[in-house]
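Have a look at the sequence and the fold below. Let's walk through some of the helices, then stop at a few residues along the way.

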Amino acid sequence: MIFQRAIRREFTHSAAGVFVALFAILLTTQLVRLLGQAAQGSIAPEAVVALLGFAALNYVPTLLSLAAFIAILLSLSRSYRDSEMVVWFSSGLSLAAWVRPVMVFMLPLVFAIAGLSLFVSPWALSKSAEYRGNLESRKDAGQASPGAFQESSSGDRVVFVEAVADDESYVKNVFVSSVQDQWLGVTMAATGHQEIAENGDRFLVLENGRRYEITQGTPEMRILEYGRYAIRLETKEARGIEKTPRNTPTLELLADDRNSYRAELLWRVGIPLSAIVLALLAIPLSFVNPRAGRSANMLLALFAYLLYNNLLTISQAWVSSGRISFAVGVFAVHAFMLCLLPILFFRRIAVLSFTRFSR
């Protein structure tokens with residue numbers, strides 16, 4: 001029991017350190033990407049922090065799986081370098097005896113990874129898409145800062161307001177330039193406000209103004225004076241979140257038999273399953289010869305992780321394209337990696353047995 005507690009403590013400390021390092025790298029790269037989009041005007045500067053949080057939640061399951069794999073690898077490699085494994089094997093215990101403490105350490109992590117992958121990640125992606133949509137709605141709503149020109153996301157409309165009422169219920173002295181059916185329209189109004197119609201469409205309603213319409217390339221011109229003029233900003237359908245397999249809740253994925261949705265379900269289920277297999281693979285891959293180099297096993301472990309991740313990606317792509325069935329895609333990759341497990345254990349145990357016999 002003392003050994004069990006000590007090794008779990010070491011696994012936990014190593015995993016926490018690796019996760020913090022990986023999470024910091026992730027936040028840095030995502031922050032640079034979002035700041036670049038904000039500088040280009042693709043997203044609002046005030047949205048950077050929220051979108052960064054949603055992106056971080058999406059990647060946490062993968063980071064936890066990788067952190068656990070590296071933590072087990074580092075801890076067992078240290079035991080080899082410090083000759084603690086010599087004591088372990090001299091006590092009559094085999095390398096396979098490490099499976100139990102590793103699985104006890106991984107069990108709560110696997111449940112956490114499964115919950116994050118199946119429920120939290122799609123929720124974060126859905127909220128991120130909703131947040132981006134709300135920002136675009138605000139941008140297209142004519143809620144520009146007083147004295148500033150604001151272009152719609154589609155590029156066919158420019159809105160300018162001179163002032164905003166104290167209660168922000170309407171704007172004053174509105175100028176709208178738009179292009180529709182080869183007509184260039186310039187609309188001016190004394191006041192304006194937003195309205196949502198019964199069918200859910202959103203309009204910018206202008207009052208007491210004048211509209212000039214010019215056909216591009218011709219001298220034709222029309223002038224319209226109005227008391228009330230409504231410009232449709234957004235339809236009800238456009239305000240909804242663009243549903244993709246990635247931001248669809250898991251329960252809805254289970255009820256949808258389309259290939260793209262099956263492929264996304266395969267990926268979500270594959271993350272916790274791969275975490276278990278990777279933890280087991282770390283046991284034989286952690287072998288280090290104290291008299292030889294210390295990086296060979298790390299390179300082999302890195303290759304195994306990249307191979308596993310790429311096979312999952314390929315399997316997901318094949319299920320999405322209909323080349324293989326969902327059942328084959330779910331089990332094939334994990335079964336292949338599990339087949340490597342006894343080979344690696346036998347190879348390591350056989351080497352250790354031969355070494356002890358030769359002595």
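## Helix 1, end to end

Helix 1 covers residues 2–40, which gives it 39 residues. From its first C-alpha to its last it reaches 57 Å, close to the 57 Å expected at 1.5 Å a residue. Keep in mind that this is a predicted model.

Which residues of helix 1 are buried? They are Gln4, Ile7, Phe11, Ala15, Val18, Leu22, Leu26, Gln30, Leu34, Gln37 and Ala38.

## Helix 2 and its bend

Next up is helix 2, residues 48–81, and here there is a bend: about 45 degrees at Val60. A proline, Pro61, follows within four residues of that spot. Helix 2 is mostly covered, with 24 of its 34 residues buried. Just past the end of helix 2 sits Ser83, whose phi is positive, at about 65 degrees.

Pro61 itself lies in helix 2. Is Pro61 buried or exposed? Its relative accessible area is 2%, so Pro61 is buried, as the cut-off for that is under 20%. Pro61 can also be paired up with Val110: the two are 49 residues apart in sequence, while their C-alpha atoms are 9.3 Å apart in space.

## How helix 2 meets helices 1 and 8

Helix 1 packs against helix 2 at an angle of about 150 degrees, and their axes are 6 Å apart. The way helix 1 passes helix 2 is a right-handed crossing. Sort the residues of this contact by class and you get 28 nonpolar, three polar and two charged.

Helix 2 also has a crossing with helix 8. Their axes come within 12 Å and cross at roughly 155 degrees. That angle is why helix 2 counts as roughly antiparallel to helix 8, since the label applies to angles over 145 degrees. This crossing, too, is right-handed.

## Helix 7 against helix 8

Now jump along the chain to helix 7 (residues 259–285) and helix 8 (residues 296–321). Their axes come within 9 Å, crossing at roughly 160 degrees. So helix 7 runs roughly antiparallel to helix 8. What classes of residue make up the contact of helix 7 with helix 8? There are 14 nonpolar, 11 polar and two charged residues. Helix 7 passes helix 8 in a right-handed crossing.

Helix 7 has a kink of its own, about 30 degrees at Gly270. The proline Pro272 comes shortly after that kink. As for cover, 21 of the 27 residues of helix 7 are buried, so this helix is mostly covered.

## Two asparagines in strands

Finally, let's turn to a pair of asparagines. Asn173 has a positive phi of about 50 degrees, although it is not a glycine. You'll find Asn173 in strand 3, which spans residues 171–180. With a relative accessible area of 38%, Asn173 is partly exposed.

Asn208 is not a glycine either, yet its phi is positive, at about 55 degrees. Where is Asn208 placed? Asn208 is in strand 5, residues 202–215. Asn208 counts as exposed because its relative accessibility is 56%, and the cut-off for exposed is over 50%.

Methods
Residues are numbered from 1 along each chain as its sequence is written. This is a predicted model: local features need pLDDT of at least 70, side-chain atom pairs count only at pLDDT 80 or more; totals for chains, interfaces and linings use all residues. Side-chain values use heavy atoms; hydrogens and water are left out. Axes are lines fitted to C-alpha atoms, for helices over the stretch in contact, and angles run from 0 to 180 degrees between N-to-C directions. Angles under 35 degrees count as roughly parallel, over 145 as roughly antiparallel, 65 to 115 as roughly perpendicular and the rest as oblique. A crossing is left-handed if the near helix is turned anticlockwise from the far one by less than a right angle, and right-handed if clockwise. Ala, Val, Leu, Ile, Met, Phe, Trp, Tyr, Cys and Pro count as nonpolar, Asp, Glu, Lys and Arg as charged, and the others, Gly among them, as polar. The bend at a residue is the angle between axes fitted to the seven residues ending there and the seven starting there. Buried means under 20% relative accessible area, exposed over 50%, partly exposed in between (1.4 Å probe, protein chains only). The expected span of a helix is 1.5 Å times one less than its number of residues.
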